[in-house]
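Hi there,

Here is the structure I promised to pass on to you. Have a look at it first, and then read on for my notes.

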Amino acid sequence: MTLLEIFPSLRSGMPSPRLDATLWPCETHYDDLGRITVGGVALADIADQYGTPVYVLDESEVRRRCRAYRKYFPDAEIVYAAKALLTKSVAGWVAEEGLSVDVCSAGELVVALAAGVDPARIVLHGSGKPFAELEAAVHAGVGRIVIDSLTEITLLAAVATRPQQVLLRLSPDIDVHGHPAVKTGVADQKFGFPLGSAAALDAIDRVMRQPMLDLVGLHCHLGSQIHDPDFYGEAVRRLIAEMSRIRTEYGRTLPQLDLGGGHAVAYRCGDAEMNLPELADILEDALDAACALNHFPRLRISLEPGRAIVAHAGVTLYRVMAIKHVEGGRTFVIADGGMNDNPRVALYGARYDAVVANRHPTGPHLTATVAGRYCEAGDILAADVRLPADLRPGEVLAVPCTGAYHHSLASTYNGVGRPPIISVRNGRCHERIRRETPADLLARDLG
Ligand SMILES: Cc1ncc(COP(=O)(O)O)c(C=O)c1O
């Protein structure tokens, strides 16, 4: 029994505990019962109605972040990187907010098209696009395809039935000092062609000689969780110099420069984030300087944020299954989800916060490790988090900043289906993706 349960009247006099506004959707509050609400809906009610684990997605937060990009980069094309999270509803929201969409498979393409995204505003990516996917993209009338290998130039030239706009992906050798798994702008990695390399020169030459391929620009993606905008300024300088060289050699002025995504968001209190106004200033200055230096006309830049659009709109809910105080060791809070719905901890050592969502804790706290239910020792959700000392099985834990690379990376390990996605807005819930059931798993098993 907590003091609050004995004296419910205490609630009204309590100061609201501060949920870090940088981690949670804008519309996050406490209700009269001390429960956390997002988009006007109590998270505990969502857990009761749809079960746990469950992904909650705040539609207004997604739209708000799309608008922020449109506001700070009014002349740029903002291309939502669908790999962060793609459902028909998310594709619809971002398209309504004026964003283009980047997809990296035929599966993502189908979802974007089903949501009504204009094919001309779809960009296709991928480091190993199968022939059938190139065909599907060309037939769908996808606006641009980002070429990632020499093989792809040959395949695409064979598939294209009318001139197809393409971008060429180059790595400008900019080391953003991130986790090795998310550094994609350096030379020694699998994406694109190293800027200035023989392979890059060969690729440019081959594309130029294909009458069905219309090279409209260069592309780079420096990595993930980049909070220093200067890296993007440097990319602008290096790539415009290359565009200037292409103009000299081929007499063709490329009109587009796609700078990829990778803008950092805060997962825990105090994490550095990309500052959009600062990024806008740095890009503007770099464009001015590089265009002037190379006597190159101003071109249109594209940005491809994924995480920065959806990460903070997502909150994942779990039920506490068990609590274990290991003698001489840690306290483990075992949740009913884990690495299947959030593999980012095991993949990149990502760190998260977790709070109890069904009540307003007022008593003492303890430091705990929230672990998952799956058969892997590395199945951790959040290490060293402060939780109420009187936490009990059955209570609801909420993990903020789980909108990006959670549902899209989820698996069915241990035969556990993927959680549903419930969107919230103005006090209402919508089930956007239903829970995957054992029947779904059986349906794929042909015996
Ligand atoms: C080509 C490309 N563009 C954009 C993104 C989106 O990155 P983020 O979600 O970090 O913004 C990625 C992520 O891997 C990518 O590979």
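Before the ligand notes, one cut-off: a polar contact here is a pair of N or O atoms within 3.5 Å. Please also keep in mind that this is a predicted model.

**The ligand**

I started with the ligand, which has 16 residues around it. The closest of these are Gly-262, Glu-304, Gly-306, Arg-307 and Tyr-405. Three polar pairs are worth putting on your screen. A polar backbone atom of Arg-307 is 2.8 Å from an oxygen atom of the ligand. A backbone N or O atom of Gly-262 also lies 2.8 Å from a ligand oxygen. On the nitrogen side, a side-chain N or O atom of Glu-304 is 2.7 Å from a nitrogen atom of the ligand. The ligand on its own has 390 Å² of accessible area, and the protein covers 92% of that.

How does the shell around the ligand divide into nonpolar, polar and charged residues? There are three nonpolar, eight polar and five charged residues in that shell.

**What the record marks**

An unreviewed UniProt entry gives "binding site" at Arg-307, Arg-344, Tyr-348, Glu-376 and Tyr-405. These positions span 99 residues of sequence, and they are spread in space as well, with up to 26.5 Å between C-alpha atoms. Two of the names, Arg-307 and Tyr-405, are also among the residues closest to the ligand.

Arg-344 sits in helix H13, which runs over residues 344–348. Is Arg-344 buried or exposed? Its relative accessibility is 5%, so Arg-344 counts as buried, the cut-off for buried being under 20%. Beyond its sequence neighbours, Arg-344 is in contact with residues including Tyr-267, Arg-307, Tyr-405 and His-406. That list therefore contains two other positions from the "binding site" annotation, Arg-307 and Tyr-405. Tyr-348 belongs to helix H13 too, but Tyr-348 is partly exposed, at 25% relative accessible area.

The unreviewed UniProt entry also has an "active site" annotation, and that one covers Cys-375. You will find Cys-375 in the loop between strand S17 (365–371) and strand S18 (380–388). Cys-375 counts as exposed because its relative accessibility is 58%, and the cut-off for exposed is over 50%. Leaving out neighbours within four places in sequence, Cys-375 is in contact with Tyr-413 and Asn-414.

**A buried arginine and a long-range pair**

Arg-144, in strand S8 (residues 144–147), is another one to click on. With a relative accessible area of 6%, Arg-144 is buried. What does the side chain of Arg-144 make a polar contact with? The partner is the side chain of Glu-77, at 2.7 Å. Apart from sequence neighbours, the residues in contact with Arg-144 include Ala-120, Ile-122, Gln-164, Gln-256 and Ser-302.

Cys-429 is in strand S21 (residues 428–433) and is partly exposed, at 23% relative accessible area. Its C-alpha atom is 7.4 Å from that of Val-41, although the two residues are 388 apart along the chain. Val-41 is also among the residues that Cys-429 touches, as are Ile-46, Tyr-50 and Ile-422.

**Helix H5**

In helix H5 (residues 88–96), the buried residues are Ser-89, Val-90, Ala-91, Gly-92, Trp-93 and Val-94. Just after H5 comes Gly-98, with a positive phi of about 90 degrees.

**Backbone points to check**

Most residues other than glycine have a negative phi, and most peptide bonds are trans. Here are the exceptions I noted:

- Thr-52 and Pro-53 are joined by a cis peptide bond, with omega about -10 degrees. Pro-53 is in the loop between helix H3 (43–50) and strand S4 (54–58).
- Cys-401 is not a glycine, yet its phi is positive, at about 65 degrees. Cys-401 lies in the loop between strand S19 (396–400) and strand S20 (421–425) and is buried, with a relative accessible area of 0%.
- Asn-426 has a positive phi near 50 degrees, and is likewise a residue other than glycine. Asn-426 is in the loop between S20 and S21 and counts as exposed, at 67% relative accessibility.

Happy browsing, and best wishes!

How values were computed:
Residues numbered from 1 in each chain as written. Predicted model: local features only at pLDDT ≥ 70, side-chain atom pairs only at ≥ 80, totals over all residues. Heavy atoms only, no water. Near = heavy atom within 4 Å. Polar contact = N/O pair within 3.5 Å; in protein donor to acceptor, adjacent residues only side chain to side chain. Areas by Shrake-Rupley, 256 points an atom, 1.4 Å probe, with all protein chains shown as cover. Nonpolar A, V, L, I, M, F, W, Y, C, P; charged D, E, K, R; others polar. UniProt positions renumbered as here; feature names shortened; annotations may be inferred. Helix = DSSP H or I, 4+ residues; strand = E, 2+ residues; numbered from the N terminus. Buried < 20%, exposed > 50% of the residue type's maximum accessible area, 1.4 Å probe, protein only. Contact = heavy atoms within 4.5 Å.
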